[in-house]
Every structure is written in C-alpha cells, then in structure tokens.
Amino acid sequence: RLTPIPGALPVAAQNWNIVKYFNFYRFTIAASALLIALTAGSLPPFGETAPSLFRTASIIYFTLSLLALETIRRRTPDFETQVSVLGFVDITLLTMLIHASGGLASGLGLLLVVAIGGTSLMLSRRMTIFYASLATIAVMLEHSWGLITDGVASAETIQSYPQVGLLGVGLFATAFLCFTLADRLRATEAIAERRGRDIANLAH
C-alpha cells in the first residue's frame, strides 16, 4: 500500500497556488494603476501621454484580475486555460498602460518582463516561447505606433529601437530561464516525492 508523504501537496494543488499568488501580484498592479488613474489623474509618467487610455486599461485590468480571484478559487475553467488567458490579458493591457505612459521611456516595460517570467513558470516550453514572442511583437507595435498610424517616426523613436530590441531579448531570456528553473524544480520535487514515498513504504 502506498503511503502519502506527510505535508506534501499534490502537484495540481501546487500549480493552482502559483496561479493564485501570481494573480495577487496582478491584482496589486491593476489596483495601483486604477488608483492613480482615478485619484491622481496623470501622475507622471503614469498616463502622461494618454490619460483616458490609461484609465480605461486600468479599469479593465482591475476588473479581470478581480474576476480571476474567483475563477482561480473555483478552478474553473481548467488550469492551462486560465494561465493562457491571463497571460494574454497581461501582455495586452500592460502594453496599453505602457503606451499611455509614454512608451518604454516610462520604465513600465519591466512589468512585461515580470509577467512573462510568471507565465513561464506555469506553461510548457512551446507556450512559453509563444508568449515571449507575443510580448516582443506587442512592444514593437507600441514603439512603432506613431509610424504605423501617421506614417512618420520621430528621431527619438528611431534612436530607441535598440532599447526595444534589448527588451525583446530580455523577454526571451527571462522566459527561458524561468521555464528552465520551474522544469528543474518540478523534476527535483518528483524525485524527492518518489524517494519519500519509498522510505515511507519501507517503514510501513
């Protein structure tokens, strides 16, 4: 008879805990952005370029992260669906917040790096690469938005493309490192759980 390891959580429960804790971070970011948008108006650099866009994105982000608290508690829909949808939400709305705050010069690009890192801890290698690619494309579109809409790019925009490239490299590097770390931790945990169960069975 197999004896469970005392105090050990099932893998599924551990996965849901990661989603829950990362959503607390997401909720904090969204609530902070909403607070700035509703009380301080345009608090440089937050929403300095497009206050209305910043406010709209903040409201949507806060609402979805609040809704995610309940869906994660109920574990419906399934784990992979929730992580995938929330990862897309992070990339889309954070990019909007970055654009409304003046682009990468605002320093908010780091929030995308954290979002990609958190998502990479919970998804497969293929999905990790997909979301890192999606975030890089979103950053490129945001930075080139003036060129796309008006057909004219400022000298500052052109000079900042190396910074966009470095952020893209950083997104892929973060995704790869976080996935590798999570994969090794899961493998180590599986070995430890198997050995612990063998010891418990031997003692029994």
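# Exercises on an all-helix model

The protein has 8 helices and 0 strands. The model is predicted.

**Exercise 1. Describe the overall layout of the protein: its element order, its span and its long-range contacts.**

Step 1. Read the elements from the N terminus. They run α-α-α-α-α-α-α-α.
Step 2. Take the span of the C-alpha trace along the principal axes. It is about 75 × 35 × 25 Å.
Step 3. Turn to contacts between residues at least 6 apart in sequence. Of these, 76% join residues at least 24 apart.

**Exercise 2. Account for the surface and the charges of the protein.**

Step 1. Start with burial. The protein has 204 residues, and 37% of them count as buried.
Step 2. Add the exposed area. It comes to about 11,600 Å², with 69% supplied by carbon and sulfur atoms.
Step 3. Locate the charges. There are 14 positive and 12 negative ones, and their mean positions lie 13 Å apart.

**Exercise 3. Test the length of helix α4 against the expected rise.**

Step 1. Set the limits. Helix α4 covers residues 109-120, which is 12 residues.
Step 2. Apply the rise. The expected span is 1.5 Å times one less than the number of residues. For α4 this gives 16 Å.
Step 3. Compare. The end C-alpha atoms of α4 are 17 Å apart, which agrees.

**Exercise 4. Decide how far α4 is covered.**

Step 1. Count. In α4, 9 of the 12 residues are buried, so by the cut-off of under 20% relative accessible area the helix is mostly covered.
Step 2. Name them. The buried residues are Gly 109, Leu 112, Val 113, Ala 115, Ile 116, Gly 117, Gly 118, Thr 119 and Ser 120.

**Exercise 5. Which residues touch the most other members of the largest nonpolar core, and which helices supply it?**

Step 1. Find the hubs. The core has 41 residues, and Ile 116 and Leu 171 touch the most other members.
Step 2. List the suppliers. At least two residues each come from α1 (11-40), α2 (51-74), α3 (79-100), α4, α5 (125-143) and α8 (161-203).
Step 3. Pick the main one. Helix α3 gives the most, with 10 residues.
Step 4. Follow one hub. Beyond its neighbours within four places in sequence, Leu 171 contacts Leu 112, Val 113, Ile 116, Ala 132, Ala 135, Thr 136 and Val 139.

**Exercise 6. Is Ser 84 buried or exposed?**

Step 1. Place the residue. Ser 84 sits in helix α3.
Step 2. Apply the cut-off. Buried means under 20% relative accessible area. Ser 84 has 15% relative accessibility, so Ser 84 counts as buried.
Step 3. Identify partners. Leaving aside neighbours within four places in sequence, Ser 84 is in contact with Leu 123, Met 127 and Tyr 131.

Note on methods:
Residues are numbered from 1 along each chain as its sequence is written. This is a predicted model: local features need pLDDT of at least 70, side-chain atom pairs count only at pLDDT 80 or more; totals for chains, interfaces and linings use all residues. Side-chain values use heavy atoms; hydrogens and water are left out. Helices (H or I, at least four residues) and strands (E, at least two) are DSSP runs, numbered from the N terminus. Buried means under 20% relative accessible area, exposed over 50%, partly exposed in between (1.4 Å probe, protein chains only). Contact means heavy atoms within 4.5 Å. Accessible areas come from the Shrake-Rupley method with a 1.4 Å probe; for residues, only the protein chains shown count as cover. Lys and Arg count as positive and Asp and Glu as negative; His and the chain ends are not counted. The place of a charge is taken as NZ of Lys, CZ of Arg, CG of Asp or CD of Glu. A nonpolar core is a set of buried Ala, Val, Leu, Ile, Met, Phe, Trp, Tyr and Cys residues joined through side-chain atoms within 4.5 Å.
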